[in-house]
Amino acid sequence: MESLNVYATRLLEKKEYFAPGHRACQGCAEALAVRLVAKALGNNVIVGSATGCMEIVSSPLPFTNWKVPWLHVAFENAAAVLTGAESGYKALVRKGKRAEKGTVFLAMGGDGATTDIGFQALSGAFERGHDFLYVCYDNEAYMNTGIQRSSSTPFGASTTTSPAGKVSHGQMTWKKNMAEIAVAHNVPYVATACSSYPFDLMQKVEKAAKHPGPAYVHILSVCPTGWRLPANKAIWIGRLAVETGVFPLYEVIDGKYGLTFEVPELRPVEEYLHPQGRFRHLTPDLIETIQTRVTAEYKKLVAKTQMKI
Amino acid sequence: MGKRVGIEVSIAAADAVKMADVDVVAAYPITPQTHIVEHLSELVANGELDAEFIPVESEHSAMSVCCGSSAIGARTFTCTSSQGLALMNEIVFIAASLRLPIVMILANRSLSGPLSIWNDHTDVMSVRDCGWIQVFTETGQEVFDHVMWAFRVAESQKVSLPVIVNMDGFILTHVIEPIEFWDEETVKQYLPDFKPLNVLDPEKPTSVGAFGMPDIYTEAKMAQNDALLKSKPEILKAWKELGDLTGRYYKPVETYKTDDAETIFVTMGSIGETVAMAVDELREQDKSAGLIKLRLWRPFPFDELREAAKGAKQLIIIDRAISYGGPGGPVASEIRSIFYGEDNMPAVTNFICGLAGRDVTPDDYIAMFDKSQKMLAGKVRQEDYVFYGVRE
């Protein structure tokens with residue numbers, strides 16, 4: 001297995017399209033995810049970023065980390081902006097004003113930009129059926145502004161606006177399941193990924209880009225700063241998220257579910273929760289509540305993969 | 001020149017957009033803008049206009065789609081009113097800072113609340129400082145001509161800024177007027193293909209919309225302001241050439257009987273014609289009245305306004321918007337500050353009227369004229385203004 005990992009890495013494209021030198025925190029698994037997505041898509045792409053960590057760390061004027069065309073307009077509209085670019089491209093190609101080169105349109109945003117403020121624009125873009133790929137880099141809170149809760153923050157996590165206190169255990173609500181919401185839009189290609197599984201992530205992004213129509217990839221992007229975790233533990237905790245069933249890796253292609261990383265026996269969620277400072281305050285009964293929910297959700301997902309459609 | 005037809009102004013405006021061979025239209029329906037976008041989608045559905053019509057889920061997304069399509073080099077149009085403009089407000093400002101030459105017709109309507117669908121200028125005044133070129137029209141013909149003009153100015157490489165063409169809701173959008181259409185040859189002559197300096201292209205990657213730290217923000221904003229100021233020669237050139245082709249010469253400030261006038265009304269948009277009737281009547285009563293119609297609102301035509309008002313002892317500024325708790329209407333407060341400290345500074349009275357479609361007739365303007373004379377017998381201060389025609 002060790003040697004296979006060494007070999008497989010060599011098969012990868014050496015070129016980077018998200019250049020080093022960005023200003024992300026140490027151990028940022030989101031920047032890693034962006035780099036992997038950019039690598040998977042190559043240079044024939046137009047990228048539109050929502051405002052957020054990845055936008056500010058990669059574009060402090062007069063510098064840029066983007067070796068591909070990149071556009072940022074605002075926080076909540078990356079899906080609208082990029083579908084505008086895609087529509088303009090389509091019109092120009094049809095009218096013979098621009099050559100058809102199979103350019104990929106990638107819109108990206110964090111969990112706040114996707115599941116909260118940009119939710120409407122994304123839903124509209126899905127519904128209109130543009131040929132574009134939306135990638136959500138989910139670090140489970142508004143990290144750029146200082147770790148405030150979003151609708152993607154998991155139950156029990158302490159953030160600066162869902163702090164654990166004498167009468168609160170932190171986030172009181174369950175994480176919004178954005179991938180399922182994309183499926184509900186009949187988006188032809190939907191997947192979850194995590195930068196702890198780089199090959200899986202890149203394969204999904206390539207597939208998503210090739211699949212006609214809208215595509216959605218939801219990437220769990222570990223944020224050591226916001227999750228109160230040592231910087232060198234980001235990849236490890238991402239693996240635990242998958243192995244405990246907290247964040248299962250799967251694809252939904254034209255409505256058909258398939259797990260891309262099967263976990264024969266889920267590890268206890270406590271192994272995932274315990275190392276993270278944001279869950280430090282959780283009592284055994286709350287951990288049990290989370291365990292029950294994770295097990296149930298995982299079962300539901302497995303049942304969907306067994307559905308005949 | 002093309003033929004002259006009797007047509008609803010909204011339909012003619014959409015036809016003008018079609019004749020400009022627009023590539024992308026993104027819009028969300030709102031009264032009284034609807035007829036324009038309905039007709040555009042009809043033209044696309046019938047294959048008469050080869051464009052992507054993007055029926056977005058909100059005005060915020062309409063302007064966002066426009067940013068994306070303009071950035072890729074597509075000729076881009078949108079259209080809205082009132083609350084729609086308020087919702088897209090954030091992106092309106094960004095579009096100008098990204099120097100994206102989007103053209104927008106704003107069918108002017110009052111802002112809520114109370115909810116009202118009728119015409120005034122409270123919507124456009126909410127984006128006064130958005131960095132777009134802003135122009136007002138008075139007739140259907142002016143709307144048609146200014147669609148062509150707007151694309152021509154916006155997309156000029158010397159300008160590269162978005163343009164708002166204001167047309168009064170209902171008063172212009174829903175009336176049938178005689179409008180002379182341009183023929184295709186004239187359009188071709190006047191409006192070259194859109195060739196932006198920068199487009200999003202994988203073969204020539206650029207980063208657009210980067211993040212500005214305090215050490216660069218001021219410079220970026222100053223450059224943006226310079227760009228708007230420097231658009232003026234192109235604006236004038238485009239009007240001159242439009243005049244040479246159509247015989248209709250437009251100016252940043254239009255005047256009517258101002259040469260010897262002691263008292264001059266200042267208006268924007270479709271009320272100009274009504275006030276002109278009042279001026280005629282006042283002249284018949286041997287009262288020295290004239291009229292200035294502000295066509296160009298941004299960049300502001302300082303010199304032209306000073307020239308037009310030369311010799312006037314008094315200006316009556318008609319505002320169709322309010323600056324709550326401020327120094328009167330937005331037009332009046334700007335004009336007061338333009339003349340402050342000038343030699344022979346005219347006295348200014350300010351009337352706020354015609355809000356949300358309330359009719360204002362020539363007799364009303366005559367009454368304002370008379371009231372102004374009385375007011376000026378005393379002292380009129382910066383913060384003095386009159387809500388005209390309030391029912392008691």
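User: What phi does A:Gly245 take just after H10(A)?

Analyst: In this predicted model, A:Gly245 takes a positive phi of about 85°.

User: Why are A:Ala234, A:Ile237, A:Gly238, A:Leu240 and A:Val242 of helix H10 (residues 234-243) of chain A called buried?

Analyst: A residue is called buried if 20 or more other C-beta atoms lie within 10 Å of its own. The five residues named are buried in H10(A), so each of them meets that cut-off. Their packing partners are H2 (29-41), S7, S8 (215-220), H9 (224-227) and H11 (269-273) of chain A.

User: How do you know that S7 (residues 189-194) and S9 (residues 250-253) of chain A pair?

Analyst: Pairing requires at least two bridges. These strands of chain A have three, in the antiparallel sense, and therefore they count as paired. A:Tyr189 stands opposite A:Ile253 in S9(A).

User: What makes S10 (256-259) of chain A and S9 (207-208) of chain B the edge strands of the open sheet?

Analyst: The open sheet has nine strands, ordered S10(A)-S9(A)-S7(A)-S8(A)-S4(A)-S3(A)-S1(A)-S2(A)-S9(B), with mixed pairing. S10 of chain A and S9 of chain B each pair on one side only.

User: How many residues of domain 1 of chain B are in contact with domain 2 of chain B?

Analyst: Domain 1 (4-246) has 26 residues in contact with 20 residues of domain 2 (253-387). On the domain 1 side, S6(B) gives the most, with four residues. That side divides into twelve nonpolar, nine polar and five charged residues.

Note on methods
Residues numbered from 1 in each chain as written. Chains lettered and ligands numbered in written order. Predicted model: local features only at pLDDT ≥ 70, side-chain atom pairs only at ≥ 80, totals over all residues. Helix = DSSP H or I, 4+ residues; strand = E, 2+ residues; numbered from the N terminus. Buried ≥ 20, exposed ≤ 12 C-beta atoms within 10 Å, placed from the backbone. Contact = placed C-beta atoms within 7 Å. Domains from an automatic or database assignment. Nonpolar A, V, L, I, M, F, W, Y, C, P; charged D, E, K, R; others polar.
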